[in-house]
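User: Please take a close look at the inside of this protein: the packed nonpolar parts and the empty spaces. I am a first-year student, so plain wording would help.

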Amino acid sequence: MLAILGGEPAFCEALHVGRPNIGKRARIASRLNQILDSRWLTNDGPMVKEFEARVAEVTGTAHCVAMCNATVALEIAIRAAELTGEVIVPSYTFIATAHALQWQQITPVFADIDATTHTLEPRAIERMITPRTSGILATHLWGRAADVAALQEIADRRGLTLLFDAAHAFGCSYHGEAIGRFGLAEVFSFHATKFVNSFEGGAVVTNDELLARKMRLMRNFGFAGIDRVDYIGTNGKMTEICAAMGLTSLEDMPEFVEVNLRNYRAYRDELTDAPGLALLEYDEGERNNYHYIVVEVDQTKTGLTRDELVAVLTAENVLARRYFYPGCHRMEPYRSLFPHAGLVLPVTERVAERVLVLPTGTAVSDDAARTICDILRTAIAVAPEIRQAVSRRAMVTST
Ligand code: T4K
């Protein structure tokens with residue numbers, strides 16, 4: 001019996017979305033010892049340099065500038081690219097994409113997404129361009145590439161700079177070419193919850209040498225030498241310990257992909273005939289990291305809302321997420337600044353109400369994935385009972 005109806009939870013230990021992939025411990029430990037022995041802990045040390053070289057190699061880019069996290073990396077990339085005024089972004093993304101602009105007084109202008117890919121819809125971008133627009137910052141959501149060719153065509157035709165938030169897309173490709181090589185620059189996240197992690201970390205990759213040089217100055221207070229500051233800068237440096245974790249994660253990438261792919265296929269097979277649950281599929285002709293298991297819930301067929309299914313899973317100790325609900329435009333400061341933004345974001349609003357992200361990664365087995373699908377299918381089969389149980393719970397918690 002389902003836990004929400006009074007049964008025992010399927011899992012004793014919680015299964016989280018975002019549980020980190022941990023590379024080989026012995027390698028992490030030996031790198032840590034190397035760092036401690038060398039007494040070089042941060043400030044562009046040897047591990048950071050090695051990490052940058054490996055990331056540039058994997059992405060086939062000329063320059064990689066590692067940073068303390070992707071949010072700072074986005075801020076620095078935006079500043080180094082000299083974006084001003086307004087920049088077009090999706091609202092259906094992590095809040096950092098918008099904040100990185102607003103933080104430096106650049107207005108994020110939210111454009112709608114494509115209902116199938118969940119990435120920026122090129123025609124929606126065209127509608128939002130004004131004389132103040134200086135660029136487009138597109139997200140490769142769930143690691144699936146945005147419509148790079150269409151975005152580049154618009155950027156070229158309208159004289160805009162194109163940047164990519166590639167936080168989810170390390171190790172992925174677009175038309176067979178590694179993500180990292182598109183637009184003026186692309187930004188990866190190596191946060192703990194990402195496919196490849198460095199505890200906290202991020203990087204900008206680019207083929208533009210001048211931009212890379214500027215970003216190196218900017219991430220280190222603008223220092224161009226001892227006692228010499230050439231530029232306004234901040235502290236965006238990656239530490240040696242983070243680079244050590246990042247290097248170890250990079251070595252274990254093939255294993256992470258293998259596990260993610262196995263889990264993705266288990267979810268796909270099990271959900272094929274689940275009414276109202278559509279798994280977002282990866283194009284197996286591309287390189288993918290398969291790091292996000294994304295399901296769209298069609299309430300008219302499941303008889304349950306996405307949020308009711310989240311309640312069912314939570315009772316079973318499966319901590320699914322509603323990424324990226326409710327959309328940046330419904331969060332502050334954007335909700336107050338642009339109270340009517342939703343009017344031009346119908347797809348964003350619909351997708352944000354329907355998406356459910358399920359656990360995967362090396363902390364999750366394919367058997368666990370099958371059990372999760374079983375729970376979902378069982379819940380749908382007894383939808384009226386579930387609805388009652390969820391509303392009873394809501395009443396109890398509100399009194
Ligand atoms: N652009 C995009 C498109 C992004 O998705 C992100 C980050 C960024 C930019 C900015 O990158 P960074 O500046 O962070 O490098 C999490 C991550 O913190 C965030 O990095 C990530 N996107 C976002 C999608 O997910 P929250 O608010 O969901 O975090 P939290 O604390 O709720 O954790 C998520 C799940 O992971 C939970 O189920 C718990 C689990 N978890 C988390 C950590 C940190 C673990 O099991 N172990 C851990 O160590 O944002």
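Analyst: What follows goes from the nonpolar cores to the pockets, then to the cavity, and ends with one loop residue. Keep in mind throughout that this is a predicted model.

In soluble globular proteins, nonpolar side chains tend to be buried together. Here the largest nonpolar core has 56 residues. Within this core, Trp142, Leu356 and Leu358 have the most contacts. Eight elements give two or more residues each to the core: the helices α9 (253-271), α11 (306-315), α13 (346-354), α14 (366-381) and α15 (383-398), and the strands β13 (277-279), β14 (293-297) and β16 (355-358). The element that gives the most is α14, with 8 residues. Residues come to this core from both domain 1 (25-111 + 119-251) and domain 2 (253-320 + 359-398), so the core lies between the two domains.

Leu358 shows what such packing looks like at a single residue. Leaving aside residues up to four places away in sequence, Leu358 touches Val17, Tyr267, Ile293, Val295, Leu313, Ala320, Ile372 and Leu376. There is also a second, separate core of 47 residues, with Val58, Cys64, Ala66 and Ala203 among them.

Now to the empty spaces. Rolling a probe the size of a water molecule over the atoms shows where empty space is left. The largest pocket has a volume of about 470 Å³, and 29 residues line it. Nearest the centre of the largest pocket are Phe94, His191, Thr193, Lys194 and Tyr292. At least two lining residues come from each of α3 (70-80), α4 (95-102) and β16; the largest share is that of α3, with 3 residues. Sorted by class, the lining of the largest pocket has 13 nonpolar, 12 polar and 4 charged residues. Domain 1 and domain 2 each supply at least three residues of this lining.

The second largest pocket holds about 350 Å³ of space. Its lining has 19 residues, and those nearest the centre are Thr117, Arg144, Ala145, Ala146 and Tyr174. By class, this lining has 6 nonpolar, 7 polar and 6 charged residues. Both domain 1 and domain 2 give residues to the lining of the second largest pocket, so this pocket lies between them.

How many cavities of 30 Å³ or more does a search of the whole structure find? It finds 1. The largest cavity has a volume of about 50 Å³. Residues from domain 1 that line it sit with residues from domain 2, so the cavity lies between these domains. The lining includes Ala167, His168, Phe170, Phe190, Asn289 and His291. Lys194 and Tyr292 also line the cavity, and both are listed among the residues nearest the centre of the largest pocket. The cavity lining divides into 7 nonpolar, 4 polar and 1 charged residues.

Last comes a residue in a loop. Asp114 lies between β4 (107-111) and α5 (122-128). Is Asp114 buried, partly exposed or exposed? Its relative accessible area is 23%, and buried means under 20%, so Asp114 counts as partly exposed. Not counting residues up to four places away in sequence, Asp114 touches Thr119, Leu120, Glu121 and Val347. Ser134 is 20 residues from Asp114 along the chain, and the C-alpha atoms of the two are separated by 22 Å.

Note on methods: Residues numbered from 1 in each chain as written. Predicted model: local features only at pLDDT ≥ 70, side-chain atom pairs only at ≥ 80, totals over all residues. Heavy atoms only, no water. Core = buried A, V, L, I, M, F, W, Y, C linked by side-chain atoms within 4.5 Å. Buried < 20%, exposed > 50% of the residue type's maximum accessible area, 1.4 Å probe, protein only. Helix = DSSP H or I, 4+ residues; strand = E, 2+ residues; numbered from the N terminus. Domains from an automatic or database assignment. Contact = heavy atoms within 4.5 Å. 1 Å grid on protein atoms, 1.4 Å probe; cavity = no way out; pocket = protein on both sides within 12 Å on 5 of 7 lines; lining within 4 Å. Points joined across faces, edges and corners; volume = space filled by probe spheres on them. Nonpolar A, V, L, I, M, F, W, Y, C, P; charged D, E, K, R; others polar.
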